[in-house]
Amino acid sequence: MSKLIIKNGRVIDPASGLDRVADVGIEGGRIAQVGQNLNAIGAEVFDASGLIVAPGFIDIHVHLREPGIEYAETIETGARAAAAGGFASVCCMPNTIPVNDNATVTSYIVDRARQNAVVNVFPIGAITKGSQGEELAAISSMKNAGIVAISDDGRPVMNARVMRRAMELARSLDIPVIDHCEDLHLSAGGDMHEGLTSVRLGLRGIPAASEDVMVARDLLLAQLTGARFHVAHISSRHSVAMVAHAKMMGIQATCEVSPHHISLTDEQVAAYDSNYKMKPPLRSQCDVSGAIDGIVSGVIDAIATDHAPHAGSEKMQEFERCPFGILGLETAIGVSLDALYHTSRIGLDRFVALFTTGPARVLHLDRGTLAPGVPADVTLFDLDREWTYDVNKSCSKSKNSPYSGRKFRGGPVATFVSGQKVWQRD
Ligand SMILES: [Zn+2]
């Protein structure tokens, strides 16, 4: 049985409250023990001196584009980008071609991931057929095939009655409903956040209210049905406040925020650079501070990248014509350290929790801890090394990142999945 010891790192495991210099012992792909001066005889040793050693990071919101859009990303390349970003697990959204709305597509993704992905891939199934928002997808059979949640991400479910039925079914299957909260009538035709900047640039706006009204509706439906409801990529201050209120009322609501929504504002759109175009759009400074406050207060459960690769040909169009979405996996730790840790808004335990216990709890994944017996997924990162992100060296097939050329302080160093090193920084 293969043995590995990750030695002398600062081990942070929010699940157990552990934060001290220790060794992590791995045997047969599982965590054997965490302790001081573990016996290294017969074991492979990884020296983690000066590094943070955490449970494998989990990203519950990525787009891997396979099947159907393999020119932009594949399960293999997306998984490599995940590993290079310090993620040991990702959950992939169903807006592929065809949409993952039945067990055949789910099984295809599970099989491809098993063959080609260096990280764990957990598929998310569609709420409705073709994510058209009308008829429920084959949710029960997808659950048997391996989905961990349902979402029509990329699109909302506009019909409240359909959403209610979806929540009732999801509750009986004990899976969460993840909604891309956007009222399509309010956001129609918009390219960026509605505010002073959109007026100045002459671009059509997407008001924060288009998110807020859907979050409000879904929280009420979650209360009505008792379902677990999760807000994808929350971006508005009001929405964060509503989720906080819902949690206080005992509604089973959770939410995630993307690294770009805590680090960039709508003012960055001024250069009409399509790498700043995504949904929800970059919002005002007030919304950004609202999201960061939500992380500090604990309302926001997880950081999720919404990694959304698009081929260069698609993104190199006029701002109004190009698709929404940016890469996120390889820059998530750097961006989040800058926005949250180096600014002293949160400590390291909370930082690690946002990528481990937080997302694991949202989706009831048996991951995100270094407890003995669990699969040995481990993320190593550092806090102070300066490095520059070059998207042309990305593991992703696509290059649509607003962070290319940006300097970061701290970032991923190595990623282990079931005890196997799947990536290490050069
Ligand atoms: Zn979305």
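Colleague: Which strands form the open sheet that holds S7, in what order do they stand, and is the pairing parallel or antiparallel?

Modeller: As a general idea, the strands of a sheet pair through backbone hydrogen bonds, either parallel or antiparallel. Here three strands form an open sheet in the order S6-S7-S8, and the pairing is parallel. Helices (H or I, at least four residues) and strands (E, at least two) are DSSP runs numbered from the N terminus, and two strands pair if DSSP finds at least two bridges between them. Strand S6 (57–62) and strand S8 (120–123) stand at the edges with a single partner strand each, so one side of each is left without a neighbour in the sheet. From one strand to the next the twist averages 20°, where axes are lines fitted to C-alpha atoms, for helices over the stretch in contact, and angles run from 0 to 180 degrees between N-to-C directions.

Colleague: Before we go on, on what kind of model does this reading rest?

Modeller: This is a predicted model, in which local features need pLDDT of at least 70 and side-chain atom pairs count only at pLDDT 80 or more, whereas totals for chains, interfaces and linings use all residues. Residues are numbered from 1 along each chain as its sequence is written, and side-chain values use heavy atoms, with hydrogens and water left out.

Colleague: How many bridges join S6 to S7, and which helix packs on this sheet?

Modeller: S6 and strand S7 (residues 87–92) pair in the parallel sense over four bridges, and the bridge partner of Val 62 in S7 is Cys 92. Helix H2 (residues 103–116) packs on the sheet and touches S7 and S8, contact meaning heavy atoms within 4.5 Å; the direction of H2 makes about 175° with that of S8. S7 is also joined to S8 by four bridges, and there Cys 91 has Phe 122 as its bridge partner.

Colleague: Which residues of S8 point one way and which the other, and are they buried or exposed?

Modeller: In a regular strand the side chains alternate between the two faces of the sheet. In S8, Asn 120 and Phe 122 point one way while Val 121 and Pro 123 point the other way, and all are buried (buried means under 20% relative accessible area, exposed over 50%, partly exposed in between, with a 1.4 Å probe and protein chains only).

Colleague: What is the order of the strands in the five-strand sheet, and which strands stand at its edges?

Modeller: The five strands form an open sheet in the order S9-S10-S13-S14-S15, with parallel pairing. Strand S9 (150–151) and strand S15 (302–303) stand at the edges, each with a single partner strand, so one side of each has no neighbour in the sheet. Strand S13 (residues 229–231) pairs with strand S14 (residues 253–257) in the parallel sense over three bridges, and Val 231 has Cys 255 as its bridge partner in S14. Helix H4 (residues 160–173) packs on this sheet, touching S9, strand S10 (177–179) and S13, and the direction of H4 makes about 145° with that of S10.

Colleague: How many disulfides does the structure hold, and how far is Cys 255 from the closest cysteine sulfur?

Modeller: A disulfide is a covalent bond between the sulfur atoms of two cysteines. With the criterion of a pair of cysteine sulfur atoms within 2.5 Å, the structure holds zero disulfides. The sulfur of Cys 255 is 10 Å from the closest cysteine sulfur, in Cys 181, which is too far for a bond. Cys 286 is likewise in no disulfide, the nearest cysteine sulfur, that of Cys 255, being 16 Å away. Cys 255 is buried at 0% relative accessibility, whereas Cys 286 is partly exposed, at 43%.

Colleague: Where does the backbone of His 233 lie, and what is its phi?

Modeller: His 233 is in the loop between S13 and helix H8 (237–248), and its phi is near 25°, a positive value in a residue other than glycine. The relative accessible area of His 233 is 4%, so it counts as buried.

Colleague: Which peptide bonds to Pro 98 and Pro 280 are cis or trans?

Modeller: The bond from Ile 97 to Pro 98 is cis, with omega near 0°, and Pro 98 is in the loop between S7 and H2. The bond from Lys 279 to Pro 280 is cis as well, with omega near -10°, and Pro 280 lies in the loop between S14 and helix H9 (285–297).
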